[in-house]
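I opened my notebook to go through this one step by step. Here is the entry, with the structure placed where I started looking.

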Amino acid sequence: MARVPTRRHFLLAAGAALPVATFALLSRETDAPSPLAVGGGLDPDARPVRRIVQAQPTRDGAGVRLSRALGGQALPDLDPFLLLDEFHTDRADDYIAGFPDHPHRGFETVTYMIHGAMEHRDSVGNRGRLGPGSAQWMTAGRGLIHSEMPKQEQGLMWGFQLWVNLPAAQKMITPRYQDIPPSAIPEVDIADARVRVVAGEAGGRRGPVDGVVVAPSLLDVTLAAGASFRHPLPIEHNAFVYVIDGAARIGPEGTPVARGELAVLGAGRSAVSTSATGARLLLLAAQPIGEPIARRGPFVMNTAEEIRQAFEDYRSGRLVGG
């Protein structure tokens with residue numbers, strides 16, 4: 001019989017009473033923009049910045065030090081995105097305990113590594129190593145138990161975990177993995193920007209992630225000093241930018257966004273960004289699902305009853321067996 005582990009991950013329930021010091025994310029609304037584009041011309045199709053959220057420090061797993069930009073009180077979700085965590089430290093004590101065995105059901109987890117190495121294992125025998133520049137798109141579906149543990153004892157560990165919701169019709173599908181080595185992620189120069197295409201399409205290159213119902217885009221964009229970047233997006237998709245290095249100006253109004261800030265983009269047909277001094281950012285977009293979200297710890301379903309069933313299935317050992 002499976003035992004419910006006492007990890008902090010289980011406390012991330014939507015609406016739960018959490019310490020203000022942990023999840024009181026700073027956020028600010030932005031003024032309505034004027035239609036000034038990158039380079040000074042008119043660009044009425046560019047998406048404005050509607051809100052900026054400052055990532056806040058927290059811990060998860062067995063005590064891993066994180067910065068959480070999405071999934072807290074200030075920005076609980078941005079349909080279909082549920083969570084964005086960054087781990088970025090060269091102190092082994094901040095990451096060495098990792099993320100021991102824990103269950104998931106009803107959504108997808110995305111791990112994207114920049115530096116360092118993690119190893120994934122699960123309850124049905126899957127195993128994989130995530131090194132610098134690699135990605136994993138895991139569809140938890142009806143359920144599994146897995147661990148993500150560091151494969152280093154010193155040095156820089158830098159990466160991200162993203163949670164993406166599944167629609168009701170797919171929440172109980174068979175789990176699957178897309179383990180993506182760095183060599184499988186295309187890199188393309190678009191004007192002055194260097195872009196790694198993890199999911200979606202940019203510069204005529206398509207990312208390796210496939211078969212995801214919300215048709216996601218996940219781009220890792222590096223801007224040199226003075227560079228600009230413009231990327232078309234489906235008008236119906238929700239989108240955000242997270243700055244992971246340097247500082248950028250986002251949207252037609254050139255809203256300043258600093259390292260560790262997430263910019264929620266409004267309606268439009270393209271995302272635009274510039275940087276005077278150089279920056280690196282993640283651009284994410286996907287089709288919203290538009291369904292009720294019932295969320296408690298490691299499970300994301302549509303109703304409270306489905307959440308109760310998920311916990312019962314986990315305790316009884318039925319979660320993995322389906």
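I began with the secondary structure: the protein has 3 helices and 26 strands, where helices (H or I, at least four residues) and strands (E, at least two) are DSSP runs numbered from the N terminus. This is a predicted model, in which local features need pLDDT of at least 70, side-chain atom pairs count only at pLDDT 80 or more, and totals for chains, interfaces and linings use all residues. Residues are numbered from 1 along each chain as its sequence is written, and side-chain values use heavy atoms, with hydrogens and water left out.

Next I looked up burial. Of the 322 residues, 55% count as buried (under 20% relative accessible area, with exposed over 50% and partly exposed in between; 1.4 Å probe, protein chains only). The protein exposes about 13,300 Å², and carbon and sulfur atoms supply 51% of that (Shrake-Rupley method, 1.4 Å probe). I also checked contacts (heavy atoms within 4.5 Å): among those between residues at least 6 apart in sequence, 73% join residues at least 24 apart.

Then I turned to the cores. A nonpolar core here is a set of buried Ala, Val, Leu, Ile, Met, Phe, Trp, Tyr and Cys residues joined through side-chain atoms within 4.5 Å. The largest has 35 residues, and Phe-160, Phe-240, Tyr-242 and Leu-262 have the most contacts inside it. Strand β12 (residues 157-165) gives this core its largest share, 4 residues. Beyond its neighbours within four places in sequence, Phe-160 touches residues including Leu-84, Phe-87, Val-110, Tyr-242 and Leu-282. Apart from that core I found another, of 27 residues, with Ala-227, Val-243, Leu-283 and Ala-285 among them.

I spent the rest of the page on β20 and its partners (strands pair if DSSP finds at least two bridges between them). β20 runs antiparallel to β24 (residues 279-286), with 8 bridges joining them; Gly-246 has Ala-279 as its partner in β24. β22 (residues 261-265) pairs antiparallel with β20 over 4 bridges, and there Ala-239 stands opposite Leu-265. With β23 (residues 270-275), also antiparallel, β20 shares 2 bridges, and Ile-250 faces Ser-273.

Last came the β20–β21 hairpin. These two strands pair antiparallel over 4 bridges, one partnership being Ala-248 with Val-257. Gly-251 sits in the loop between them and takes a positive phi near 85°. Is Gly-251 buried or exposed? I noted it as buried, because its relative accessibility is 4%. Outside its neighbours within four places in sequence, Gly-251 is in contact with Arg-47, Val-49 and Val-272.
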